Structure formats: structure tokens, C-alpha cells
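Here's a quick tour of a protein model, written for someone fairly new to reading structures. Have a look at the picture and the sequence, then work through the notes below.

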Amino acid sequence: ETGYQRRVHGGNLGVDWERLGEYEAAVGMQLRRINLCRVINDRRGEAIAAGRLASVHRSQGDFDAAVKAGTRSLELALEISDKAGECSALCQLGTVHSLLGAHEVAVATHSAALAVARRSLHSDKTWQRVALQQLADSHHRAGEVTATNLVLEQLRELEQWDLGQEGKGDVVGVEKVTAAKSSFRKVEIQLDGIELQFSGSEVSAPLPPTNTTPIPCV
């Protein structure tokens, strides 16, 4: 098994453990992946693993650890100019801050993610959709009905753009449009009186305030 295979295998096992609710095992696998990535100086791999570690900690309810890991993921993404990774880490951090009740920080962080998606990832609408969904969730949790509706309107406009592309692309493009429709309907329905739930993503703006203790090697 190559070093790359070990890193991927470990990361995927960590995701599987998280889905099963075995959070300690999931944390261990992601820390192992981080350590392997550091040994061979794989900054992108480390950023992904740190983002997944943040997701596990969030699922555990350990929000301080989730912010720490998410911030590390963001730092690495900025360091290597990985715009998708930057957007992902910002989304991750924004969700944690929203769960902590820091709604202003959450809105600012998700807005930063949306700005990155629009500026640097405009050819792929996926990240715009994710950022808009989570921004809507942050406004909703803060009780900001008008702001929530404005973001939902942007999601509607994005869905209309997707519909306009349907049939123009290949099968993958059509699948993205189908996913967009389903995703938008879920957001619209859940915002109608039901709290939104988002699965972990592995999120420029100043770094959100956090304890900067480094993620340990294992």
C-alpha cells in the first residue's frame, strides 16, 4: 500500500466511522491521516483531513475542537491557494459558529464563503449553492426572516440558471441540475418552520476568532 493509498484509505475510514457514530475512531483516523500528510508535506491532503476532523468534532458537539480544526483547514487552503478548500473550510466554520449561537460571526463567515465561490469558483455553481444554503441557515437561526428570504431568492435564481442549463451538457451536468433541484426544495421546506441540518463538509476573510493551539500529531 502506497503512502497516498494509506492517506486516502485512512480518510475514507474516518468518514465511515463518523457516519456510524463512532466518533473516537473517526477522530483517530483523521489524526492519522493528518500525520501522514505532514510527513510527506501534502498540504492539500492535510487541509482536507483537518476539515473532516472538524466535521467529526462538530458531530460530537465539541465545537471548540471543531473551530480549531476548521481554522487549520482554512489556513492550509489559503497557504496553497486552494479556493474550493477555502470555501469548504469557511462553510465548516460558519456552521459551527451558528451552532454556538455566534450568529453575526456565522453570517460573516458564510458570506465570505459565498464571495470566494462567486469570485473564484464561478464556473461551478456547487459552492455558491452550498454557501447560500448555509447562509440562509445562519440567518434563519438568528431569527432574521427578511435576510433569510433574500438569500432564498438568490437560491431560486441559481436554480433557474441550472434549469436553463439542463439539456445543454452531458449526463454529469444533468445530474448536477437534478441535485440542485432537490437541494433547493429541501432548504425551502426546512426553512418553513424546521431547523436546517447540513452534513459536514470538509471553509477570504480574516480568520474567525479561535484558540490557535495546533492539531496534534499522532
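Before you trust any detail, check the confidence: in the protein chain it is lowest in helix H9 (residues 171-191), with a mean of 44, and highest in H4, at 97. That matters here since this is a predicted model. Along the sequence, the chain reads α-α-α-α-α-α-α-α-α, which comes to nine helices and zero strands.

**How far to trust it**
- The protein chain has a mean pLDDT of 76, and 63% of its residues reach 70 or more.
- Residues 1-11 have a pLDDT below 50, and beyond near neighbours in sequence this stretch has 14 contacts in the model.
- Residues 169-218 also stay under 50, and the model gives them 99 contacts beyond four places in sequence.
- Where pLDDT is low, the predicted coordinates shouldn't be read in detail.

**The overall chain**
- Out of 218 residues in the protein chain, 45% count as buried.
- The chain exposes about 10700 Å², and carbon and sulfur atoms supply 53% of that.

**What's packed inside**
- The largest nonpolar core has 26 residues, and those with the most contacts inside it are Cys-87, Leu-90, Cys-91, Ala-113, Trp-127 and Leu-132.
- Which elements give two or more residues to this core? They are helix H4 (63-79), helix H5 (83-99), helix H6 (103-120), helix H7 (126-141) and helix H8 (145-165).
- There's also a second, separate core of ten residues, and Val-27, Ala-50, Leu-53 and Ala-69 are among them.

**Helix H2**
- H2 covers residues 23-39, and its 17 residues should span 24 Å at 1.5 Å a residue; the end C-alpha atoms are indeed 24 Å apart, so the two values agree.
- Its buried residues are Ala-26, Val-27, Met-29, Gln-30, Leu-31, Arg-33, Ile-34 and Cys-37.
- An α-helix has 3.6 residues a turn, so residues three or four places apart point the same way.
- Right after H2 comes Asn-41, with a positive phi near 60°, even though Asn-41 isn't a glycine.
- Asn-41 sits in the loop between H2 and helix H3 (43-60).
- Is Asn-41 buried or exposed? Asn-41 counts as exposed because its relative accessibility is 55%, and the cut-off for exposed is over 50%.

**Helix H5 and the loop before it**
- H5 has 17 residues too, and from first C-alpha to last it reaches 24 Å, close to the 24 Å expected at 1.5 Å a residue.
- Why call H5 largely enclosed by the rest of the structure? Because 14 of its 17 residues are buried.
- Two residues to look at in the loop between H4 and H5 are Ser-81 and Asp-82.
- Ser-81 has a positive phi of about 55° although it's not a glycine, and Ser-81 is exposed, with a relative accessible area of 59%.
- Asp-82, on the other hand, is buried, because its relative accessible area is 16% and buried means under 20%.
- Asp-82 caps the N-terminal end of H5: one of its side-chain oxygens lies 3.3 Å from the backbone nitrogen of Ala-84.
- Setting aside neighbours within four places in sequence, Asp-82 is in contact with Arg-44 and Ala-77.
- After H5 you'll find Gly-101, with a positive phi near 85°.

Key: Residues numbered from 1 in each chain as written. Predicted model: local features only at pLDDT ≥ 70, side-chain atom pairs only at ≥ 80, totals over all residues. Heavy atoms only, no water. Core = buried A, V, L, I, M, F, W, Y, C linked by side-chain atoms within 4.5 Å. Buried < 20%, exposed > 50% of the residue type's maximum accessible area, 1.4 Å probe, protein only. Helix = DSSP H or I, 4+ residues; strand = E, 2+ residues; numbered from the N terminus. Areas by Shrake-Rupley, 256 points an atom, 1.4 Å probe, with all protein chains shown as cover. pLDDT = per-residue confidence, 0-100. Contact = heavy atoms within 4.5 Å. Expected span 1.5 Å × (residues − 1). Polar contact = N/O pair within 3.5 Å; in protein donor to acceptor, adjacent residues only side chain to side chain.
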